[in-house]
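Work through the exercises below with the sequence and the model at hand. Each task is followed by a solution in steps.

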Amino acid sequence: MHRRLPLSFVVLGVIGAAFVALPVVGLALRAPWGRIVEILTGPGARTALRLSLEVSLLATLCSVVFGVPLAWILARGRFRGRAVVRALVILPLVLPPVVAGVGLLQALGRRGIVGSWLERVAGIQLTFTTAGAVVAATFVSIPLVVLSAEAGFRSLDPRFERAAAVLGAKPGYTLRRVVLPMVAPQLVAGAVLAWARALGEFGATITFAGNLEGRTQTVPLAVFQTLQTDQEGAIALSLVLVLLSICVLVALRDRITGTG
Amino acid sequence: MKPKALVAVLLATLVLAACSPSSSTSASTNGSAASTELTVFAASSLTSAFNEIGSDFEGANPGATVTFNYGSSTDLATQIASEGTADVFASASGTAMDTAGKDPGVEDRADFATNQLVIVTPTDDPACISSLEDLGTPGVQLVLGAEGVPVGDYARQMLEQDGLTKQVMPNVVSNEPDDASVVAKVKSGEADAGIVYTSDIASNADVRGVTIPTKQNVIATYPVAVVAGSSNADVASSFVAYVTGSHGEATLKRYGFGPPSG
């Protein structure tokens, strides 16, 4: 590590780092530090923060409940079209969130292919509801759980499972007592990343679930709306998200970079 | 590519990215040295009308190229102060123009159009809406522009003046970022009704409009002005004159705008 790096590399690296750091520095410098507590404890911000926690945690739960079994199938299953399924599952990660929102409307909106049926049969409407915000956040965050959990399952030596089976453990028991504990670190990492993604979700939420204080207006939507009238307030709210994201990245630094 | 060249390219990209407005529609690019490029910041409700006025203006003024940046008037006013690239500002509200008037300042300010509010419903009108009062029927799912977005502020102002706030506001299910999003939510049938400008639905057959009587309605007045410090002040002035002139008025009328009052 003591070899000198080429100067051009250092320059490019510094530009790269500055480019990423500048917006954060900008937020910190322009933040209304004098009234930040007052802003963040105000009724509007508190409602948005509470709702954001609720929605992002529920979305994480849904992502884990459906994502982990899916990851297991992708890691251990032998079936045609597995590559297609995997690509589909990862799609929300690269799709523009607003496109995700439009897609969700076509599927689960009041006139969507499944949504119209949901409303007619069960009287359930997802658009403009907190449940809809959870659906939107789950859609964009489930790939992170699947990716991380699948990597975990794949890195696990199948001989552990075979050994458990030889010793008489049923598949469900093996999964619960052998496999899941061994991949717990990857599951936690996936869940935390999914949570962070859900917390920052904007485009799919406003497109699919709408924007109403106390019901669907999470912190990113509140930032957007506050920006219309009060830039300092929007910056204060933004900083909360920046801070939470940094906490997540610091907590997961080993998993993400592979170094300490 | 040599590292130095790469650095230069990257720097150029950074600078360009920093300068480019969020959503610009370039009428034409790569103007020759003799041409003048005019950057017009305009309220998103003006999109269709101004695209046409822009190309008409270019036709009447060879060498001039008009580039539009459409968005919420409030956002645009903020961008004008921070970016300093706008030559002309056409706002959907006097308040946003006042903001730009304070920083960086405006010249030749004139009202050039008016717009009224209208109720929109899906074509099959599932909630049976035929008046403003109907919006207060329990269970109606109404979408408005968000507070601070002119179309949302005007709608709230109208409901307040008609004494319908208490009845209608509980039915609001979403506060949308702009008028186009309100129309989209209604068009898709997610919402039962929305309140937008008449100009938003003038060329839109996919939604049903319910006229709001003049005595219940509010009139939105659109001001246009040359932004102080414009490097093309002359062309900017003639664009403003073109918009406020008879040709501009005729085009605006076709897109559902009324003449400026008074």
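## Exercises on chains A and B

Chain B contains 10 helices and 10 strands. The model is a predicted one.

**Exercise 1.** State what share of the residues in chain B is buried, and what share of its contacts with a separation of 6 or more joins residues 24 or more positions apart.

*Solution.* Begin with burial: of the 262 residues in chain B, 45% are buried. Then take the contacts in chain B with a separation of 6 or more: 78% of them are between residues 24 or more positions apart.

**Exercise 2.** Give the domains of chain B and describe the contact between them.

*Solution.* Step one is the division: domain 1 of chain B covers 3-114 + 221-254, and domain 2 covers 116-219. Step two is the contact, to which domain 1 of chain B gives 11 residues and domain 2 of chain B gives 12 residues. Step three is the character of the domain 1 side that touches domain 2 in chain B: two residues are nonpolar, nine are polar and none is charged.

**Exercise 3.** Describe the side of chain B that touches chain A: how many residues are in contact, which elements contribute, and what is the residue character?

*Solution.* First, count: 19 residues of chain B contact 19 residues of chain A. Next, assign them to elements: on the chain B side, helix H1 (3-19) and strand S7 (172-176) of chain B are the ones giving two or more residues. S7(B) supplies the largest share of this side, five residues. Last, sort the chain B side by character: nine residues are nonpolar, seven are polar and three are charged.

**Exercise 4.** Find the residues with the most contacts inside the largest nonpolar core, and list what Ala136(A) touches beyond four places in sequence.

*Solution.* The largest nonpolar core has 133 residues. Those with the most contacts inside this core are Ala136(A), Val40(B), Val88(B), Phe89(B), Ala90(B), Leu142(B) and Phe239(B). Helix H7 (residues 130-155) of chain A gives the most to the core, 14 residues. From chain B, domain 1 (3-114 + 221-254) and domain 2 (116-219) each supply at least three residues. Now turn to Ala136(A): leaving out residues up to four places away in sequence, Ala136(A) touches Gly101(A), Leu104(A), Glu201(A), Ala204(A), Thr205(A), Phe208(A) and Ala209(A).

**Exercise 5.** Compare the span of helix H9 of chain A with the expected value, and decide whether H9(A) is well covered or hardly covered.

*Solution.* Helix H9 (residues 171-182) of chain A has 12 residues. From first C-alpha to last, H9(A) reaches 15 Å, close to the 16 Å expected at 1.5 Å a residue. For coverage, count the buried residues among the 12 residues of H9(A): the count is one, and the helix is hardly covered.

Notes. Residues are numbered from 1 along each chain as its sequence is written. Chains are lettered from A and ligands numbered from 1 in the order in which they are written. This is a predicted model: local features need pLDDT of at least 70, side-chain atom pairs count only at pLDDT 80 or more; totals for chains, interfaces and linings use all residues. Helices (H or I, at least four residues) and strands (E, at least two) are DSSP runs, numbered from the N terminus. The expected span of a helix is 1.5 Å times one less than its number of residues. A residue is buried if 20 or more other C-beta atoms lie within 10 Å of its own, exposed if 12 or fewer, and partly exposed in between; C-beta atoms are placed from the backbone. Two residues are in contact if their C-beta atoms, placed from the backbone, lie within 7 Å. Ala, Val, Leu, Ile, Met, Phe, Trp, Tyr, Cys and Pro count as nonpolar, Asp, Glu, Lys and Arg as charged, and the others, Gly among them, as polar. Domain bounds come from an automatic or database domain assignment. A nonpolar core is a set of buried Ala, Val, Leu, Ile, Met, Phe, Trp, Tyr and Cys residues joined through C-beta atoms within 7 Å.
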